[in-house]
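Thanks for coming, everyone. Please have a look at the slide before I start.

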Amino acid sequence: MAASFARSLRLAETTPFSWQAGLLFLLAGAGLTVYFRYEKARMARARIAEANKGIGKPLVGGPFHLTDHNGKEFTEQDLKGKYSLVYFGFTHCPDICPEELDKMAGMIDRVKAKHGDVMLPVFISCDPARDTPEVIRRYLAEFHPDMLGMTGTWQEVKDVCKAYRVYFSTPPDVKPGQDYLVDHSIYFYLMDPEGDFVEAIGRNFTVDAAAKVINDHIADWKGKINKG
């Protein structure tokens, strides 16, 4: 019995496919599986980003002229250099905008934790008659200090909504104290550091899921990106 066991050990040691080789084979296979899954996901994100750039005129985004909540002029050129996350809303919104801005605050923190200060979060008002720069500044202070608010004339806001394919229903000639409804599209628009549209993030995304989409796109970026 002992001699038979010894022969088995010698055979295991001399066989070309030992248990160590088998373990290495399994580990290599698992590593390749993870790598190919990552590459498949990365290539899918790249296809989305490239398709959303369109041919010629961009599908989403383009020239605009607004005023930020500090009273400074802001155009599409100011979005370049970092990723930007653009949301359209209004300060008198009773429920949806506060919920989405809370989510936006969570996205900002998760992106900063992973990549640093590489994303500009932008809130564009769809209600220029009531949303002055000071009103927006006070409003956004309740959500996150990194958020930058935008407003403008009725025509300027209409133009930027058209550029981003956002539904805009605010009447043009609102009188002081007049009551009216404001309706708008509910998406976050992710733009890359060159100002090109990357992906739209809808209400169905949780904070973690939305932050993962953003972080993955940032990780894929090969160009220059400003920090700070």
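Which residues does UniProt list for "binding site"? The unreviewed UniProt entry gives Cys93, Cys97 and His184. Keep in mind that what you see is a predicted model. Those three residues are spread over 92 residues of sequence. In space they cluster, and the largest C-alpha distance among them is 10.5 Å.

Let's take the two cysteines in turn. Cys93 sits in the loop between β3 and α3. Its relative accessible area is 9%, and the cut-off for buried is under 20%, so Cys93 is buried. Cys97 belongs to helix α3. Here the relative accessibility is 0%, so Cys97 counts as buried too.

What does Cys97 touch, leaving out residues up to four places away in sequence? The contacts are Tyr87, Gly89, Phe90, Tyr139 and His184. Note that His184 is on the UniProt list as well.

Now step back to the whole chain. The protein has six helices and seven strands. From the N terminus, the order is α-α-β-β-β-α-β-α-β-α-β-β-α. There are 228 residues, and 41% of them are buried. Look at contacts with a separation of 6 or more: 72% of them join residues 24 or more positions apart. The accessible surface is about 13,100 Å². Carbon and sulfur atoms hold 59% of that surface.

Next, helix α3. It spans residues 96–115. That is 20 residues, reaching 28 Å from the first C-alpha to the last. This is close to the 28 Å expected at 1.5 Å a residue. Many residues here are on the buried list, including Cys97, Leu101, Met104, Ile108 and Val111. Charged names are there too, among them Glu100 and Lys103. What do the buried residues of α3 pack against? They pack against β3, β4, α4, β6 and α6. After α3 comes Gly116, with a positive phi near 90°.

Compare helix α5, residues 154–163. Val157, Val160, Cys161 and Ala163 are buried there. They cover an arc of only 160° around the axis, so they lie on the same side of α5. The buried residues of α5 pack against β1, β3, β4 and β5.

Arg165 follows α5. You will find Arg165 in the loop between α5 and β6. Its phi is positive, about 60°, although Arg165 is not a glycine. Why point that out? Because most residues other than glycine have a negative phi. Is Arg165 buried or partly exposed? With a relative accessible area of 45%, Arg165 is partly exposed.

On to salt bridges. How many does a search of the whole structure find? The search finds 10. I'll show you three.

The first on my list pairs Lys82 with Asp117, with the closest N and O atoms 3.3 Å apart. Lys82 is in the loop between β2 and β3, and Asp117 is in the loop between α3 and β4, so the pair ties together parts 35 residues apart in sequence. Lys82 counts as buried, at 15% relative accessibility. Asp117, at 29%, counts as partly exposed.

Next, Glu99 and Arg203. Their side chains meet in a salt bridge, at 3.4 Å from N to O. Glu99 is in helix α3, while Arg203 is in the loop between β7 and α6. The pair links parts of the chain 104 residues apart. Glu99 is partly exposed, at 41% relative accessibility. Arg203 is partly exposed as well, at 42%. This pair also has company: Glu99, Glu100, Lys103 and Arg203 are linked in a network of salt bridges.

Last on my list, Lys112 and Asp146. Their closest N and O atoms are 3.0 Å apart. Lys112 lies in helix α3 and Asp146 in the loop between α4 and β5, so parts 34 residues apart in sequence are tied together. Lys112 is partly exposed, at 37% relative accessibility. Asp146 is partly exposed too, at 26%.

One thing to take home. Helix α3 keeps coming back: it holds Cys97, it holds Glu99, and it holds Lys112. Find that helix on the slide, and follow the chain from there. Thank you.

Terms used. Residues are numbered from 1 along each chain as its sequence is written. This is a predicted model: local features need pLDDT of at least 70, side-chain atom pairs count only at pLDDT 80 or more; totals for chains, interfaces and linings use all residues. Side-chain values use heavy atoms; hydrogens and water are left out. UniProt positions are given in the numbering used here, feature names are shortened, and annotations may be inferred rather than shown by experiment. Helices (H or I, at least four residues) and strands (E, at least two) are DSSP runs, numbered from the N terminus. Buried means under 20% relative accessible area, exposed over 50%, partly exposed in between (1.4 Å probe, protein chains only). Contact means heavy atoms within 4.5 Å. Accessible areas come from the Shrake-Rupley method with a 1.4 Å probe; for residues, only the protein chains shown count as cover. The arc is that of the directions from the helix axis to the C-beta atoms. The expected span of a helix is 1.5 Å times one less than its number of residues. A salt bridge is a side-chain nitrogen of Lys or Arg within 4 Å of a carboxyl oxygen of Asp or Glu.
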